[in-house]
Structures are given as structure tokens and as C-alpha cells.
There are 4 protein chains.
Amino acid sequence: MAVRASRMVSGLSSVARLNWGLVGGGEGSQIGPVHRMAARLDGEFSLAAGALDACPESSRAFALRLGIAEERAYGDWQDMLAAESARDGDDRLDLVTVATPNATHYPITRGFLEAGFNVLCEKPLTMTSDEAADIIAIARAHGRICAVNFGYSGYPLVREMRAMVRQGQLGRVRLVVVEFSHGHHAAGDDPDNPRIRWRYDPRQVGNSAQFADCGSHALHLASFVTGRQVERLSADFASCVPGRELEDDAMVAFRMQDGIVGRLWTSAVAVGRQHGLTLQVSGERGGLRWQQEQANQLYWCPVGGRVTVIERGEAGLSADAERASRIAVGHVEGMPLAFANVYADLALAIRSQACAGAEQEGSGGSPDDALLYPIAEDGFRTVAATEAAVRSAKRHGAWEDVPTVPDPI
Amino acid sequence: MAVRASRMVSGLSSVARLNWGLVGGGEGSQIGPVHRMAARLDGEFSLAAGALDACPESSRAFALRLGIAEERAYGDWQDMLAAESARDGDDRLDLVTVATPNATHYPITRGFLEAGFNVLCEKPLTMTSDEAADIIAIARAHGRICAVNFGYSGYPLVREMRAMVRQGQLGRVRLVVVEFSHGHHAAGDDPDNPRIRWRYDPRQVGNSAQFADCGSHALHLASFVTGRQVERLSADFASCVPGRELEDDAMVAFRMQDGIVGRLWTSAVAVGRQHGLTLQVSGERGGLRWQQEQANQLYWCPVGGRVTVIERGEAGLSADAERASRIAVGHVEGMPLAFANVYADLALAIRSQACAGAEQEGSGGSPDDALLYPIAEDGFRTVAATEAAVRSAKRHGAWEDVPTVPDPI
Amino acid sequence: MAVRASRMVSGLSSVARLNWGLVGGGEGSQIGPVHRMAARLDGEFSLAAGALDACPESSRAFALRLGIAEERAYGDWQDMLAAESARDGDDRLDLVTVATPNATHYPITRGFLEAGFNVLCEKPLTMTSDEAADIIAIARAHGRICAVNFGYSGYPLVREMRAMVRQGQLGRVRLVVVEFSHGHHAAGDDPDNPRIRWRYDPRQVGNSAQFADCGSHALHLASFVTGRQVERLSADFASCVPGRELEDDAMVAFRMQDGIVGRLWTSAVAVGRQHGLTLQVSGERGGLRWQQEQANQLYWCPVGGRVTVIERGEAGLSADAERASRIAVGHVEGMPLAFANVYADLALAIRSQACAGAEQEGSGGSPDDALLYPIAEDGFRTVAATEAAVRSAKRHGAWEDVPTVPDPI
Amino acid sequence: MAVRASRMVSGLSSVARLNWGLVGGGEGSQIGPVHRMAARLDGEFSLAAGALDACPESSRAFALRLGIAEERAYGDWQDMLAAESARDGDDRLDLVTVATPNATHYPITRGFLEAGFNVLCEKPLTMTSDEAADIIAIARAHGRICAVNFGYSGYPLVREMRAMVRQGQLGRVRLVVVEFSHGHHAAGDDPDNPRIRWRYDPRQVGNSAQFADCGSHALHLASFVTGRQVERLSADFASCVPGRELEDDAMVAFRMQDGIVGRLWTSAVAVGRQHGLTLQVSGERGGLRWQQEQANQLYWCPVGGRVTVIERGEAGLSADAERASRIAVGHVEGMPLAFANVYADLALAIRSQACAGAEQEGSGGSPDDALLYPIAEDGFRTVAATEAAVRSAKRHGAWEDVPTVPDPI
């Protein structure tokens, strides 16, 4: 079966829907509804099983309300894993999404991969790079997909940036500047605000708060659009709000393969910023600029020329961008549709698994270069970069290497 | 059953999904995929039947590819109407969307309403105001919902504008300025571009092109946000591209109930504009400004104060806006989610129909003031306004009355 | 002497400064300081005489404080005219600026022209088109310059728009859309706010308020950038704030030479707008867009292409734009520098008068097509257009012709 | 004599103009015309003497063309210093501006200060912090003003930011983020472009290129708006264009007094950026954001509130901002007017010198806290910070202290 990576026809599924399982994303979760919208948008996935909440009763009750059959509405992920592993044929889950608290990503993802399921794990993939390396090895060993939800990479114009770099329109890339700064934790001194406090508690999030939470997205995008990995970095972490053990603001200088210079700033106390996710890439022939808050425009300037506005949906964009666009130019496509592009690519990959041979490499499980969902190797790299940034910040900005993805054994 | 018009929990359907039928929206249609995304997004509707294309073979084939069962994949809408009218109980269609060429809206909508189905019709509801009056009467007589897809009214911040006006934050509204201008028909002298040419062919679209196509959206929004109807208008139509029989640019001065002054400009030859749908409302206490291309920000300025930026998803917005928001502040929600809000409100209305008594008024079929989908009365008003604009333009800008919705007989 | 209309070298005056006289612009005046900055900026003009205030004592006192010599610090313009007419040689005033209340423009401008002075009159040139025709005839008869301060035409990128149209980059111009809307008179019901009230008093401003005040600037720019005159128009005037005799909001449809379609909206009650002066020009080959509040960027979109950003000061702009730019690209040039471009062109014209023969035409007094300051003919046209708009509004939008500039007798 | 720091009345000089001397700024210089416009704008200064060019003949010829009297049109600054030192009384120069190549700032500034002249020196004040310390001592010893032209601090809304911080509206400042990035040196591999090449030649500019040129402005503004000095920093320098000895891109983390966290990015190869000078200041009560390319708007967001737009020229701004504004709200004021504010404050300070006692402190020579022109101490600090950044970059990001201004001996 040839996987055609052409424009997604929304809702076109001549074959049966894929069975989708969800772990986490219970009632009140912020990311759960986005996964459900994204999985549902193109009609490719049908929510078949779930363990949605840490509380078993809530978990089952919410699953029922979401239309999951009673026997597949689980109280916890261990039950789900056991019961779903026993199912086969048309009932078998095609994909399991893991959207639980960070520290649980590793055991859950590991469990489902080992049982032969494809997994889409929320970021961070794991709490340590050792765990991430483990996941990669398991995914490879079982020939399963382990995707990681760096969902901003699904925006059509982010994909256009990547395509333009690959096509050589920028020439050699010299400089990547990324930002992900907001001000939503500026009022954090309130001890009664548990929604914010846990984010700065090392026992819950590890050794990094804002960099791991937001900076890692920005760093992933730097690699996604340039196709180059971060090799080393120097970090400055700051806790601007008194009393925080972990950083709420970070600045990181980095170097990528082929000598690309990198700059990153991320903050949770930049009052007045809502969601300042911004990418700038400059090369010897031109530069690109994109902001998530105005996601449907991409600014391109050839060296010596003028800034021009590339509109999502316009004619003549790359196949990658075109495939990721669903509506006419001039209309806004937002974040749920970006996330849906991750699911759409996963659907293509999953449908091709049956016929694909064993020759595939990496945890992506995809023989098709055109499928752009981030995979466990990307998850490893950002976890490893976070570890390096923590070390660097502790060592007053000393440059630290970011390890590469371990070779398959 | 009490219909709670609170924040939509995406995918929350403790009861069975609603059965959805689609007429039109065949392969290659621009609006079809948006309806499918919008209907599917919250998991409320399941596509159960369709007559999707003017060509019976294509119609059936595409329906199958969309996962419609073979016996409900129809070759034309007449067959669909006949066969679906015979179904009952759980199989019965809860909603039929009509997304066919404009001239067919009337017979199809009429047919399904008379057979007792709820209908969501693309705009324009009909080609004449007499037909629209007819539709209203039929919907009322059968107690069915006849909604019209002025989908831009589903944007959360458009609903916030409406709520702020209703709450009196602007004081008496003085002035409404609306625009819907693009430049996509500027290269229209190409006789080989059929995608554009038919839009200026009176036999296909009636007596108005750009005003009926885009201006009508802008005019609907003027009424939607102010809660006032257009009473009279003066229009200037122009055919900027040589050879066009109908207008590709129009300017309309109007007056609304309570003396609100209105200004409208719509163009298809404003080169450089992608989708310039803009609303400004000024009142004695403050003014609002919103643009579709930056749909997640609303600019509010109290008289004597400063412009402030209202963000979609922020705390403290009206119940109407909050209910229409699905993701966190700072992230972009786009047009498919706006359209999905029309479907979401329809789902609530349809679920309440069973228990609602006969006391409802209008074609909306809803006893609940909080449900904001546009209805046949709105469709009538824009068709009538288009007729008045055509008359005024022919009479060199003479002011023409816009008739009110006919009273129930 | 050849006048080279090349890039203005600020402050380059190998010859003596020009003698400048000012009528009006007294202490507290808004426009007076701008004239003084604009005249002074390039070092071309030296303020030599003035009658600055309606109160003779204030007039003389303020003149002294501005460094005017005591014998040329006048109590009223009649004294100034009499005394300055008697001066000759190096002392003679080279230019008199008239910045008094509107109703006095005619007699003062007339007086100085008849005495052989060059005049720069604030807009409106006169209160009636008959008076304006008179002024034109007098300027022509005396071979003097009568310029009118439509100062926004001095912005470098407005001049670039004009140059691009003339060079044919837009092809045939089809559509001009202009706006000049603010919200600064929205709180106008306050009877104690004399700063606003007089603007709506017919005895002080004539038959039009907002259109004459702001709309006229927008209309002038429509002609300035297209090089075409307004031939006829249809107007809708509205008094949004209760109690106002004159319009505070106006919409005008118009047609220009060569069939260009025009749209204009101007408002003083658009709360949240500071100074919404916007120009859009669309032609068969492309479109331009410019906003005064972001005056250093011009948006250009070729038909079928992408929007590109033209930056003031970038290389390769027209000679007209380059000559009007003083600082490096990326820095902001604002309104005082735009006004200074009017003075800079006037300086060139005045210096060329000595050597120019009698063959010049029009009130501009300039043999050089490259000098772009607006002249009495422009003043006539906007006054005549205002009269036509007033008639049209009274006749409910009936189309009215705008008379052309009278031929020289 | 009390210096009233109220709104500048343009051109109001009841006393004689101040005598102004200019060193550098010859024909073709970029910054020379800006100084002449800025000094001339308010009518306070009259260009009385100059040594404008490295070539004596060009120097004298250009001075004559600018209207300088022949005997004060000098061939070099040494002649000018000698001759002008001999003048006294009304002829005496009140201010000398130094706008020569960087390496000459020190001897020229030193020379004029020692001769008892007030000096405004272009940035950088000197090439080393030792020289800068020297200048401070000389200025103090002679009781003369030594100002440094960090002209961006003259923007009214930059002054508003400073005032808001001082008034406590932000509470304790936590974070300052500054950028000054452009792409104008991206095509720098062209060996034939001398306009760019010298900027990366250590013999001409010292040990830093982009940081010293642009980053220093950003760093100065960080101190200007917060009122706090930079204490230590960690820098990463990169030469993105092959062949450059010095950095064309730099990232600097810093800490200020009172623990303020600082982030700075500056680049000359960020293709598509014209003049990305941006300031963000976040405090415990709110945050501010300003961009030079949209200099007339300031974005203010209280913690927990909405972003509001502060307009230059609106009512109710601080006295500092109001005094620095010349035209009505909604109109653009640009860079030349910002620079003019430095001159305007200098004029006030100079006029007060006569009557001021010996009690003044620092090189500013001003007893008036309200006068905001940057002084030699600011020059010292940025030179010292540049030295620290060079050291840090060489030591791979090690944190380096920035020395404080030396105490008066």
C-alpha cells in the first residue's frame, strides 16, 4: 500500500476508522480536549478505550460520558494495558495517546510499546535522557511508532519554513532565534494558587520548570525547521518570582550542527505576553519569521530584498504545507488543526504499517519521509538538552554538550 | 431536560451521537470539508446520510469514502429526502446541512423542512426574500429548526462583542462600520478562469455578486453584534474589472433600528487583502474593533480611555464567549472552530427539542436565548437587504427600505 | 538657475535663508508649532515677521518670544501686510504662511498674494469654491505661489505611491479607498468642552464639519496618489452625537477621471481610532496600502503575488520618495518631517522664481514638475468637493458633480 | 534662574539662540544631518562653528554651504579648538557636538572639555573605560556638561517607561529584555562593500562590533528605563558571516542592581529585521513593551489585567513624556524628534549653567533631575559593559563584573 502524502481530505476514510485509546486527559485537563479535537477532526480516529483520570471512579465515569463502551472505560492505565493487550483484530487499538502527568510518561509509554501498541506521548517524553534512550530502544525493538506531541510543528507555515530551508531558499542557515515567553506565572507569589505552584516544585517537574515546559518546544522547533540538532549550549536560569526553587525565566545560547548559531529566551513572567512562541531563521540568502499568535502568516525576506508575507493556504506552497492546510487562504487555522496534523500523519503511518516491511529505522515507524510527526528521538534530544541546560545554569553558563541519540544496539 | 448553555466540553456526549445528513459539499468543494470538521469537532454529530454531488455516481462514491453506509449514500437530494423521510427512531436524521449551489437552497431546504427535518442551510438562504419568507413560515409551521450558516458569528470574540453591547458597556450604539474585502478576483479578466467567472454571472448568482457573497456576511454581523436590524440603505455598486455584469465592489450606507448609523464596504478587487472581514462598533461609552484575520484579539476602548486588548480565552469574558472557546488563552482558534460553535449550539437545541413544548417562536426552534446560531429570519433579512441594495444601486444611491420579517400568519 | 530636485541635504543653504512670515499659529495653537518645526527643519527659512494671535498684545508678545524683531512683531495681519509690503530686497518676505481660523483664510491669502507675496495657506483654502477660484486667478495674475498645506502628501511613502502609479506599476487604477477616522469627538456631548463644540457650529466652520476637516485630506490624497480628479460623488452625512448640527461621520462614494471608483469614510466618533488616515489603491496589476500611523511602511501586492513591505529609506525607491527622506531605513520619520517636505519643495520653488520666466501655469508658480507641494487648484477641488458632498447629503445621496478648476481668463 | 522642565514650546527663545559647534558630520555622513535637524528643530541652537570633515578643504567648503561664517569654518578640530577657545562673550560656543569616527571621540571631547566647553559626544564616548573615566573626571573638574548621544532615550514613550518604573507602577522590576537586531550586514561577504567591512575591522572599531554598535544602545536603555545599572554579564559572541573577525550577533545575559534579570540579543544578520530595537520590562505589578519601529505606542499590562495601548501625546502621561512630545496624539513622531529632545534638555541645562552654583554632581552639569540627556557616566558604563562582554565571550560565557563609575577623587 502506497502512502500518499498529499493534501488531507478531511474525513476521507474509505476504510474503517482507527481505534484510539487515551490515557490521561481527564475532565478539567487542558490538553485532553485538544487531543480529542485533533484526533476527531479528520474522522480518522475513533475513541475506543480510555483510562482518563487518576481517580478510578472519575476515570470510568468520564470515559462513559465521552461515549467509550463500558468494558473499555478503565479505572487506571494498568488495567487498560492488560485488557487491551488481550484484544485483537478489528478491536485492537491502533494508537494510544499518553497525556498524563510528566513523571508517569515513561512507565506508561514503555508499557504500551512493549505490548505492541503505537504510542503518541505528550512532551516531555520522559524525565531523564536515560529513560528516553530506553523508550527509543523499545520502540525500535518492537517496530512500533513512538511519537511525541511537539504539536506546534503541525502548523502549516512551520512546515513551510522547514521545506524552504530544505529546498535551499535560505542558503546555508546561520542563525536561529526562538522565543517562548508568556506572563501567566507573574502572579505566582500567591501560595493559594496550586495551578501554578506545582510547576515550580522539583519533586513534580524535575530540575527545570520554564525551560522544560516551554523552552523545549522552542528548541524542538529550531531543530524541526533547520533539520539540524543542538550540539552544545550555555544557559542562564533565573527565578524572578521570590520563593521559586526552579527557573521561571531562562536564556540559552546554543550551537547546532553545521555551525548554526542559536538564541533562545523563554519566560513565564513576561507580563503582557500571552503566548510568545516565535521563530526566526536567517541564512546566507534570506530570513524567515513566524509567530504562533499570528500563525497564518510567514514573513520571508531574501537578502537584499523586501519582506514578503506568505499566507497559509496560498497557491504554490510546499507539499508539506499544502497537505497540512484544510481551509481557504485568508481564514484562520489555529492550534487544534496544527495538532490534528500530527494525528493525520500518524493515521497515514499506521495505515501503512500493515504493508510496510521490517526495514524501517528509528522510533517513528514510518518508511515515509513526508510524515512529519515528532518521534521519540526528538523527545530524547529535548530531554537531553534540558539536562544540559540545567548543568550549564548550575555551572554559571559553562557550555555543555548535548548528547546525540544512542545508536541502535 | 434542561439545556445548560455552559462551556462546551468537547466530545462530551453521554447520550448517543446525533445523526447528520449532508446535501452538497462534494469532493473539491471548499465549504464541504469545513462543515464536516465543524460537525465532527465536538463529537456530537455522526455523518449518517448524504447526497454530496450533482453527479449521482460521484455523489455515492464520495459518500462511501466518507464512511456513509451504502444504503444512505444517495445519488441526489430527492432520493435522499424520500428515503430518509421513511426512517424513524434512532435512525432518523437530526439535522440536514444544505451546502449546494445557491439557487438550489430553497427547494432543498423547503423539502427537508416540510418532511420534518431540522436544516442548516448555507447562505444565502434563498434567491429572493419571498422564498425566504416562505421558508420561515414552513419552519414555524413544522416546528423545525431552520438555521443559516453565517458562521463568522461563531467566533468567540464576535459573541463577546454582542454580549458587551447587550450588557450596555458601549452605552447607546451610534455607529457600526463593517468591511469584507479581498483581492482574489482582481485577475478576473482571464476568460479561462471559471472559478471566478460564474460568480459574476447573473444567471447563476442573481442580481448581486460581491455584496451578496461577502457583504451579506458583514451586514449580518452588524445586526448580530448590535442586536438591531437594518431598516434602510443606500448603495453604490461598481464593476471594477471590465466585462463584469455584476458588481465586484460595493459601498453601502445604512441605518439600523434605534438610529444606528452604518457603513459597509466590500470588494473582491482590493489587491493585497486576503480576507478583510472587520467590525467596528462605536457607542456613547466606548468602541470595539475586531478583524477576522486576527480573530483571537478584540480591541476595546472606553470613551476617554485607552485601547485594551481582550484575548479569547481570558478569564472574565461573557458566558457566550466562554462557551464558544475550546483552548487556552494565547493559542489561536480559527474558522473551523467558529463554525463548530454553530453546530454545537444546534446540538443543544436539537437535544432540547424532544422535551420542549410547542411554545417556541421563530424558525430557530430554540426556547433558549443563549443559543446563538443564525436562523431563517437572519437569512430573510440579508436576502431582503441584498434586494434593497440592488434597487438602490440601480436608482443611483436612492435610499431603500429593507422589509422586516413577515409576521406569522 | 537650474533647480535640482534631488535628495534634500538638510540644512544645506549656500545662499542666505529665506525670509518667512507667519500669520496665526499663536501660543496654544496646535498647528503653529508644526509649521515652525517644518519651516526650520532644513534651515531654509528664518522666521522674520509675524501676526500670530487674534489679540494684538498676545500676538506681539509671542512674536518677540519666538525671536522675531520688534518692528516685525505685528498686532494684526493688516498691519503686517501693510508694513511688509513696503520692505524690499533682502528683507522682503519670501513666503507667508496663513494658519488662522478657516473663515479668515480667504481675505488674508488674497491680501498677501495681491501684494506680491508667495503664500502657504492652511486648509481649507477658503470657505467657498468661488473664493477659491478667486484665489487661483489672483495667484496666476501675480505670478505668485499659492500653496495649500495638505501636509500628509509630504510623507515619503505617499509620494512613493504616487510615483508607482505614474510609473504604471499598478496598471490602470480601478479603485481608491480612503479613510480618516478617529474617536476624539465621541465625548462631545459635554457642553463645557469648547475645544470640540466649535467644530460643529455652522457659523464657524460652514456646512460641513468632519468631512471638511478630515475627509478633505483623504480626498486630496486620493487625487494626489492617482493623479486623477474627483468628478462626482454621493454622500451620507450623520450626526452621531446628539445635538450636533453638522456631521461627525460621513461616507462618500465617488468617481474619478478615467472611471476610477472611490470610497471614503471619515468619522470623529470611531472610539479607539487615534488617527486612522489610510489609503488603498488597487489597479489591474497590483495594489498598495498605507496607514499614517505606520507611515514608514508601504504594503505592495502585485496581482497574483504576495504582499511585500516597502520601507521608507530603502534603496531603489522613486526619486520623489528618496528626496523626501532624511534618515536611515528602519528609523521612524513622522509628521513634522512630512510637513517639512512641503516647505522644502517650496524653498526650491521660491529660489527658482527669480530666474524663472513668466511662462509658468497654475498657482503653483513652479516650472518644475518634481515639486510636489499642493497648490490653490488642489484647495479649490477639495472645497468644491465639500460643497458637492453637502448638497448630496441633503439630497439623500443623489450624485453631484464636482466642478473642475476654472480656466484662466 | 529656575529651569522649568515643562512642555517644550517649539521655537520659544525669548533670549538669544545658543551657539553650537559641530565636529564631524560631514557631507554624506548619516548621523550629521540628524544632529543638525535635532539641534535646529526647536530653534534653540544656531550652528556657529564647525570642523566637519577629515579633509580640510571639504570641511571648510561644507561648513560654508551650511551657512557657517568663513572665519569659523575650520579645516580640523584642533584649529577649531584653538580659535574657539579664544572667543568670549556672546560669541562663545555654548555646546560642541562630536560626531567623528569612534577612535577620535576621546581626544576631541577631552580637548573641548578642558577648554571649558560643554560637549555632546556621539556614542561610544571612548574606546576604553579608562578613557571614559578620564572624561568624567575632566568634566567634573571643569564643571562642564559632557553628554553622550544615546538618542533613543529621547523618545517620549521611552521616557514614559522610565517614569512609570519610578512611580512604582510596575512594583519591583524583575526582568528586562532588550533587543537591537537588524539584517543589514547579512550580505557582508561582499569584499567590495566598504560601508560594512570596516565595522568588523578590530583596528577601526576595537574588540566588539555589533554589541558595541547596537547592543550598547539596548543596554543603555535597560538602565535608562529601570534606573538600575548592569552589575555583571555573560556573553556569547558569534561571527555568522564567514571571514569576520568580530561578532555580528551576540546574546548577553546580565544582572542589574536590585537583582533585576536581564536578557539582550543583538544581531546584524537577522534578515528581514530593519531596526529591531525593542524593550520589555516586567515587574511584580505589570509589564511594559515598546518597539522603536512603532515608537508612538507603548504596551502596558498590569499583572492579572489586559494589555492596554498608551499613545504618545495622550492626556495624563508623565511630565517627562509630555515635555518630550511636540505634536497631537495619533500623529507619528520619529527619531529626529527623539534626538531633538536630547538637545532640548541640553538647552535648558546650558541656560541654567550661568546661574547654577558649584554644587552640581556628575558630568551632566545639571542641577535638575528632570533633564534626561545621557551623560559621560552612561558612556562609561556602556564602554565598561562592552569590555566585560568581550572578556566573557572570550572566556566562553564566564560571568564578568561590570565596574562602577569611579568615585570623584
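These are some notes on two chain-to-chain interfaces, A with B and A with C.

1. Ground rules. This is a predicted model, in which local features need pLDDT of at least 70 and side-chain atom pairs count only at pLDDT 80 or more, while totals for chains, interfaces and linings use all residues. Residues are numbered from 1 along each chain as its sequence is written, chains are lettered from A and ligands numbered from 1 in the order in which they are written, and side-chain values use heavy atoms, leaving out hydrogens and water.

2. A with B, extent. Chain A puts 41 residues into this contact, and chain B also puts in 41 (contact means heavy atoms within 4.5 Å). About 3400 Å² is buried between chain A and chain B, with 61% of that from carbon and sulfur atoms. Buried area here is the accessible area (1.4 Å probe) that two parts lose on being put together, summed over both.

3. A with B, who contributes. On the side of chain A that touches chain B, the elements giving two or more residues are α1 (31-41), α2 (56-65) and α11 (335-353) of chain A. α1(A) has the largest share, with six residues. Helices and strands are DSSP runs (helices H or I, at least four residues; strands E, at least two), numbered from the N terminus. By class, this side of chain A holds 18 nonpolar, 15 polar and eight charged residues; Ala, Val, Leu, Ile, Met, Phe, Trp, Tyr, Cys and Pro count as nonpolar, Asp, Glu, Lys and Arg as charged, and the others, Gly among them, as polar.

4. A with B, polar side of things. The rule finds zero salt bridges across this interface (a side-chain nitrogen of Lys or Arg within 4 Å of a carboxyl oxygen of Asp or Glu). There are, though, 10 residue pairs in polar contact between chain A and chain B, both at pLDDT 80 or more. A polar contact is a pair of N or O atoms within 3.5 Å; within protein, one must be able to donate a hydrogen and the other to accept it, and residues adjacent in sequence count only if both atoms are side-chain atoms.

5. A with B, symmetry. Chain A superposes on chain B by a rotation of 180 degrees with 0.0 Å of shift along the axis, RMSD 0.0 Å (least squares on the C-alpha atoms of residues with pLDDT of at least 70 in both). A:Gly334 is the residue of chain A that comes closest to the axis, with its C-alpha at 2.4 Å.

6. A with C, extent. Seven residues from chain C and seven residues from chain A make this contact. Together the two chains bury about 660 Å², 48% of it on carbon and sulfur atoms. C:Arg306, C:Val307 and C:Val309 supply 68% of what chain C buries here, more than any other three residues.

7. A with C, pairings. Look for two salt bridges across this interface; in one of them, A:Arg306 meets C:Glu314 at 2.5 Å, N to O. Strand β13 of chain A (307-311) and β13 of chain C (308-311) pair antiparallel over two bridges (pairing needs at least two DSSP bridges). A:Thr308 stands opposite C:Thr308.

8. A with C, symmetry. A rotation of 180 degrees with 0.0 Å of shift superposes chain C on chain A, RMSD 0.0 Å, which is the relation of a two-fold axis. Of the residues of chain C, C:Thr308 comes closest to that axis, at 2.0 Å (C-alpha).
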